[in-house]
Amino acid sequence: VHPMLEGVFNLLLAWAAMFAGFLSDERKDKPNLLPLGPMLVGMQFLTSGFLLPYLFTRTIETKSNVAQEDIDGDIQALVGEWRPLGPSLGFVGIASIFWGLFSRSEFGGFSQRYASFIDLLSIDRVGSSFIVDL
């Protein structure tokens, strides 16, 4: 597997996992039309295909301040309000970029690696969809 494709794939997963912060959006006093749990799982496969409908159908926030105690479920409150979530997944994203650019020297330098990646994307619809999904 091409290391740049691996890097894009892992970057995409880190990007989709960032939406776990929306877990704090699920509350009893603010029910959403589409439940976030299944939508969050779907975002791991088709990020925009699940994120955009979820954002479009979310219930409007009526409170100006939401306390962590208002969030339904311990896991949702823990993950949705966990401060290291963004930096941790940001690190995974940056590591994915470095992996794509510098790992596995058998793919050559940057110009060779990039050219072979573009060639791969020209014939691989799944790989191309990762780029579009970002």
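Helices (H or I, at least four residues) and strands (E, at least two) are DSSP runs, numbered from the N terminus. The model is predicted: local features need pLDDT of at least 70, side-chain atom pairs count only at pLDDT 80 or more, and totals for chains, interfaces and linings use all residues. Residues are numbered from 1 along each chain as its sequence is written, and side-chain values use heavy atoms, with hydrogens and water left out.

**Figure 1. The protein chain holds 7 helices and 0 strands.** Along the sequence the pattern reads α-α-α-α-α-α-α. The chain has 134 residues, and 31% of them count as buried. Buried means under 20% relative accessible area, exposed means over 50%, and partly exposed lies in between (1.4 Å probe, protein chains only). The chain exposes about 8500 Å², with 68% of it supplied by carbon and sulfur atoms. Such areas come from the Shrake-Rupley method with a 1.4 Å probe; for residues, only the protein chains shown count as cover. A contact means heavy atoms within 4.5 Å. Among contacts with a separation of 6 or more, 71% come from residues 24 or more positions apart.

**Figure 2. Helix H2 has a buried side and an exposed side.** Leu36, Met39, Leu40, Gly42 and Met43 are the buried residues of H2. They lie on the same side of H2 because they cover an arc of only 160° around the axis. That arc is taken from the directions from the helix axis to the C-beta atoms. An α-helix has 3.6 residues a turn, so residues three or four places apart point the same way. What do the buried residues of H2 pack against? Their partners are helix H1 (3-17) and H3. Pro38 and Val41, on the other side of H2, are exposed.

**Figure 3. Val41, Phe45 and Leu46 form a nonpolar surface patch.** Together these residues have about 350 Å² of accessible area. Patches are made of residues with over 30% relative accessible area and no salt bridge; like charges are joined within 9 Å, and nonpolar side chains (Val, Leu, Ile, Met, Phe, Trp, Tyr) within 5 Å. Phe45 sits in the loop between helix H2 (36-43) and helix H3 (47-57). Its relative accessible area is 65%, so Phe45 is exposed. Val41 is exposed too, on the side of H2 that lies opposite the buried one.

**Figure 4. Glu6, Arg104 and Glu106 are joined into one network by salt bridges that share partners.** A salt bridge is a side-chain nitrogen of Lys or Arg within 4 Å of a carboxyl oxygen of Asp or Glu. The count by this rule is 2. In the bridge between Arg104 and Glu6, the closest N and O atoms are 3.0 Å apart. This pair links distant parts of the chain, 98 residues apart: Glu6 is in helix H1, and Arg104 is in the loop between helix H5 (85-102) and helix H6 (110-123). Arg104 also bridges to Glu106, at 3.4 Å from N to O. Is Glu106 buried or exposed? Glu106 counts as exposed, at 60% relative accessibility. Arg104 is partly exposed, at 26%. The backbone of Arg104 has a positive phi of about 50°, although this residue is not a glycine.

**Figure 5. Phe110 and Tyr114 form a stacked aromatic pair in helix H6.** A search of the whole structure finds 2 aromatic pairs. In the pair of Phe110 and Tyr114, the ring centres are 5.8 Å apart and the planes are at 20°, so the pair is stacked. Rings of Phe, Tyr and Trp (its six-membered ring) pair if their centres lie within 6.5 Å; planes under 30 degrees apart count as stacked, over 60 as edge-to-face and the rest as tilted. Phe110 and Tyr114 are 4 residues apart, about one turn of the helix. Tyr114 is partly exposed, with a relative accessible area of 42%.

**Figure 6. Leu120 of helix H6 touches His2 and Leu5.** These contacts leave out residues up to four places away in sequence. Leu120 and Leu5 are 115 residues apart along the chain, yet their C-alpha atoms are separated by 8.8 Å. Leu120 counts as partly exposed, at 24% relative accessibility.

**Figure 7. Arg58 lies in the loop between H3 and helix H4 (74-80).** Its relative accessible area of 31% makes Arg58 partly exposed. The C-alpha atoms of Arg58 and Lys30 are separated by 9.1 Å. Along the chain, Arg58 and Lys30 are 28 residues apart.
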